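Visitor: Could you take me through a close look at a single part of this chain? I would like the setting around that part as well.

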Amino acid sequence: MKKALITGINGQDGSYLAEQLLQKGYEVHGVVRRESMENSANRLVNIRHLQNKIHLHVGSADNHLSIYKIVAKVEPDECYHLASSSFVSYSFEDESSIVSNNFTATHSLLSSIKELVPECKVYFAGSSEMFGDVNAAPQNESTPFNPRSVYGISKLAAFHLARNYRAHHKMFVSVGILYNHESPRRGFQFVTRKITSSVAKIHLGLAKSLDLGNIDAKRDWGYAPDYVAAMHAMLQFEKPDDYVVATGVLHSVKEFLIAAFGAVGLEYEPYVRINPEYFRPGELVPLCGDASKAQEALGWQPSKKFDEIVKEMVFTDIQLLEEKR
């Protein structure tokens with residue numbers, strides 16, 4: 001039986017990955033922070049249904065001794081490094097913790113695996129935010145990186161570290177450059193979940209409006225379980241590599257609103273208020289991914305359409321609110 005170690009197992013991607021690996025017969029181990037264990041009702045909600053099937057280890061990915069002890073105890077065959085400060089902020093208010101969570105944690109994990117289980121295959125979660133201000137769309141694995149947020153910069157630094165371990169230490173380290181991917185388990189701080197949870201509240205009479213920024217902003221949105229399947233496929237391939245994972249199709253926030261409100265038979269205009277404070281810096285060229293390499297090498301394809309993703313998120317949020325009543 002293969003053993004897999006997942007950092008960030010209680011996040012959106014980690015929870016779906018744990019489910020998929022269990023279905024494939026893996027022994028699944030996950031790293032969670034102590035505060036998550038102490039507030040499990042909120043912070044472990046995505047894996048609550050799996051807790052009797054997986055092994056959780058309390059630790060901090062950016063604490064070298066902590067992660068070293070966990071790797072030594074588990075001795076994984078595969079490691080999926082998903083933990084990071086994943087919310088893209090342009091305020092630069094907390095740069096040090098973002099860099100620590102995204103770069104230092106990656107360094108601690110890779111060095112521990114190199115010393116303890118060098119044959120372990122490693123997946124590193126890259127991000128389309130590493131591309132930042134681009135000159136052309138769609139982007140692929142050869143597109144120059146030009147990050148414009150501390151999040152993107154820290155992810156890019158960790159990406160180069162991962163490639164360094166692959167090249168100089170001959171470790172199996174693959175990187176997924178994932179574009180936006182959504183699901184009912186997406187965090188509430190992301191615009192997609194903010195919209196679907198607000199639509200659910202408006203539908204049930206619990207809210208009257210929703211404040212948003214630039215609704216003309218466009219994103220390449222996919223379905224999280226599809227993207228998690230790509231992660232596993234990367235570690236089953238004969239050699240480690242880097243892969244863009246994306247749909248290649250752009251949708252605006254306005255289109256997301258139309259789909260979300262439309263799911264409950266409403267028009268979005270009466271309920272949405274535009275707040276300039278929520279505007280992010282504009283993009284001359286949108287982030288849109290070309291996943292041809294993943295499709296050809298790994299046989300990967302996105303399975304769920306945009307409207308289906310939005311509808312699932314809305315109705316799950318309605319169900320969650322109804323269960324609390």
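Guide: Happy to: here is a walk from the whole chain to one helix, then to a strand pair and a few backbone details. This is a predicted model, in which local features need pLDDT of at least 70 and side-chain atom pairs count only at pLDDT 80 or more, while totals for chains, interfaces and linings use all residues. Residues are numbered from 1 along each chain as its sequence is written, and side-chain values use heavy atoms, with hydrogens and water left out.

First, the setting. The chain holds 11 helices and 13 strands; these are DSSP runs, numbered from the N terminus, with helices being H or I of at least four residues and strands E of at least two. Its radius of gyration is 19 Å, close to the 20 Å that the globule rule gives for 325 residues, so the chain is as compact as a globular protein of that length. That radius is taken over C-alpha atoms, and the rule is 2.2 Å times the number of residues to the power 0.38. Of the 325 residues, 52% are buried, where buried means under 20% relative accessible area, exposed over 50%, and partly exposed in between (1.4 Å probe, protein chains only).

Now the part itself, helix α9, which covers residues 253-262. Its buried residues are V253, F256, L257, A259, A260 and F261. Their cover includes two helices, α7 (191-203) and α11 (306-324), along with strands β8 (210-212), β12 (251-252) and β13 (272-274). Contact here means heavy atoms within 4.5 Å. Across the chain, 80% of the contacts between residues at least 6 apart in sequence join residues at least 24 apart.

Next comes strand β11 (residues 242-245), where D242 and V244 point one way, Y243 and V245 the other, and all are buried. Strand β6 (residues 173-178) runs parallel to β11 and is joined to it by 4 bridges; two strands pair if DSSP finds at least two bridges between them. In this pairing, V175 of β6 stands opposite D242.

Finally, some backbone details. K170, in the loop between α6 and β6, has a positive phi of about 60 degrees although it is not a glycine, and at 70% relative accessibility K170 is exposed. E75 also has a positive phi, near 50 degrees; E75 sits in the loop between α4 (64-74) and β4 (78-81) and is partly exposed at 47%. A cis peptide bond, with omega about 0 degrees, links A137 to P138, and P138 belongs to the loop between β5 (121-127) and α6 (150-168).
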